[in-house]
Amino acid sequence: DPSLPPSGVNCSGCGAELQCRDGAAMGFLPAEKYRSVLLGTAGPRNPVCQRCWQLEHYGRALGLRLPPEQHRKVVSAALHQAPRHGRGPLLLYILDVLELPDPVLPQLSALLAPDVPAAGLLVVGNKVDLLPADRPGHVGRLRERVVAACAEAGLREAPLVDVRLVSAKTGFGLEGLISRLQRSWHCAGDVYLLGATNSGKSTLFNALLSSDYCKSRAPDIIDRATVSSWPGTTLNLLKFPIINPTCDRIFRRQERLKEEAAKTEDQLSSEERKYLNHLKKQGYLVGRVGRTFQQQKHSHVIDFDPDMLSYSIDEDPKQTPRQHKEKEEFTYNEVKDARWCFDTPGIIKENCVLNHLTENEVKLVLPTQAIVPRTFILKPGMVLFLAALGRVDYLEGKKPAWFTVVASNLLPVRISTLSNADALYEKHAGQDLLKVPMGGAERMKQFPTLVPQDVTLKGIGTTEAVADIKLSSAGWVAVTAHLEEELLLRAYTPQGTVVVVRKPPLLPYISTIRGARVPGTAAYRTKKPPSVVENLKMTKRR
């Protein structure tokens, strides 16, 4: 209905201003529901746009493609605001460790305002739960890779406060991150969550909203951000008020953490164990995130008329009309001097294969559960396909080499010979064998052709990978070869995307996570390491 005025109300899921004028624009709400928002009769729940509703309830993304500069404008405008409370904000830059080197990190300086300098930068490496431990100490090695990526990005505008590794999904590292924020930043100013699309900013925002980092009443008033695998879900700023970490609160929080760390899994409630087992299936690294400062629930006085209980056996009891639940709001005193934690739109990654995929294809490509590495031993003249999104040819070498695929478990890996590879791709791209893209010949007409890039490597031993060949955002192949063995490889990705040769590799000993060789094939049986819970006492086994 183009006649209705702007609402001035933002979607609580993505931050876009609600409107009913254009069904293809962000913030769209059907006219009937939009009128109830304008009249204030939408109910106690904070309103969400049609797009967030579809994502939340059906996992379906409406076809909304914003230009990449739109997201940058929102982020840049927020960072150019005059400092509140006399100092600039703390920036929490969230990067996906699977995407190292992060493509947006070097662009961070361009987003910052020279006249409003940030007070600090804390880099958070997310999704570490998806990667298996190739050897003891792998989390420390991953952190070193993130620190190196920050140095290579040349971050100079904001002082680097720290580098933390977390899983916003399983809770690993989150209690430590909250303690670090409260210890070093206190409540000195606002905090902005920044990062590329699909880095997990909104998932982290939701986790912090349900933790000791926000005011105790905030989870009852502020809705969780909409989370999906579709790039660019968050369209505008979302926020919650940060709790002031007084000495008393920090003491009470530390006491709770000590108490919980002393528990064993057997001492948890059945609901806690059930949820913990669910998280263990999701990732290799799991953490338990609790709350020390919870809003006290007032016991409601039940009003009733004694005469209402004196109905006869033939009469039906009268239904008491349901009282309208008032929407909770912050009081003026609660937020007048509040510091806020902001979730910002993700910066669109350029030269990324996800930009060429449909909604259903993105769901298959982005890993959401613990990645099980798949290792193959290839001779010269053999080819490895990662779905129809990437390909690695082993062109020259004297000995077989090991190729370990680290990608979504839903993406198929196919092995072929060099002489049959082109025919296999021509026949099966868009079909079930290669799975992604999907949609047959018509879909492949729209999909970019694969373009090659030659890669030369020299082996450093049969247990340690020499490099990762990263096939855009589809995943990577860790290459392990005999000592001093020279390999000539040719890697393919869709036109408009890039192949990255990552040295040193992210998980150098990944090829050792494998079972026995499958007879008559190039494949090894897969092996999934056990999950680890960080803040839980291990049960002693006899």
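Which residues of α5 are buried? Let's work through that and a second element, keeping in mind that this is a predicted model.

1. Start with the length of helix α5, which covers residues 138-153. At 1.5 Å a residue, its 16 residues should span 22 Å, and its end C-alpha atoms are 23 Å apart, so the expected span and the model agree.

2. Now for the opening question. The buried residues of α5 are His138, Arg141, Leu142, Arg145, Val146, Ala149, Cys150 and Ala153. Have a look at what lies over them: the cover includes the strands β1 (90-96), β2 (120-126), β3 (160-165) and β6 (285-286).

3. Follow the chain just past the end of α5 and you meet Gly154, which takes a positive phi of about 65°.

4. Next, turn to strand β15, residues 476-480, where 5 of 5 residues are buried. In a regular strand, side chains alternate between the two faces of the sheet. In β15, Trp476, Ala478 and Thr480 are on one side, with Val477 and Val479 on the other, and both faces are covered.

5. Which strands are joined to β15 by bridges? One is β11 (residues 401-406), which runs antiparallel to β15 and is joined to it by 5 bridges. Here you can find Trp402 standing opposite Thr480. Another is β14 (residues 467-471), also antiparallel to β15, with 4 bridges. In this pairing, Ile469 has Val477 as its bridge partner.

6. Finally, look at the link between β14 and β15: the two strands form a hairpin with 4 residues between them. In the turn, Ser472 has a positive phi of about 55°.

Technical notes: Residues are numbered from 1 along each chain as its sequence is written. This is a predicted model: local features need pLDDT of at least 70, side-chain atom pairs count only at pLDDT 80 or more; totals for chains, interfaces and linings use all residues. Side-chain values use heavy atoms; hydrogens and water are left out. The expected span of a helix is 1.5 Å times one less than its number of residues. Buried means under 20% relative accessible area, exposed over 50%, partly exposed in between (1.4 Å probe, protein chains only). Contact means heavy atoms within 4.5 Å. Two strands pair if DSSP finds at least two bridges between them.
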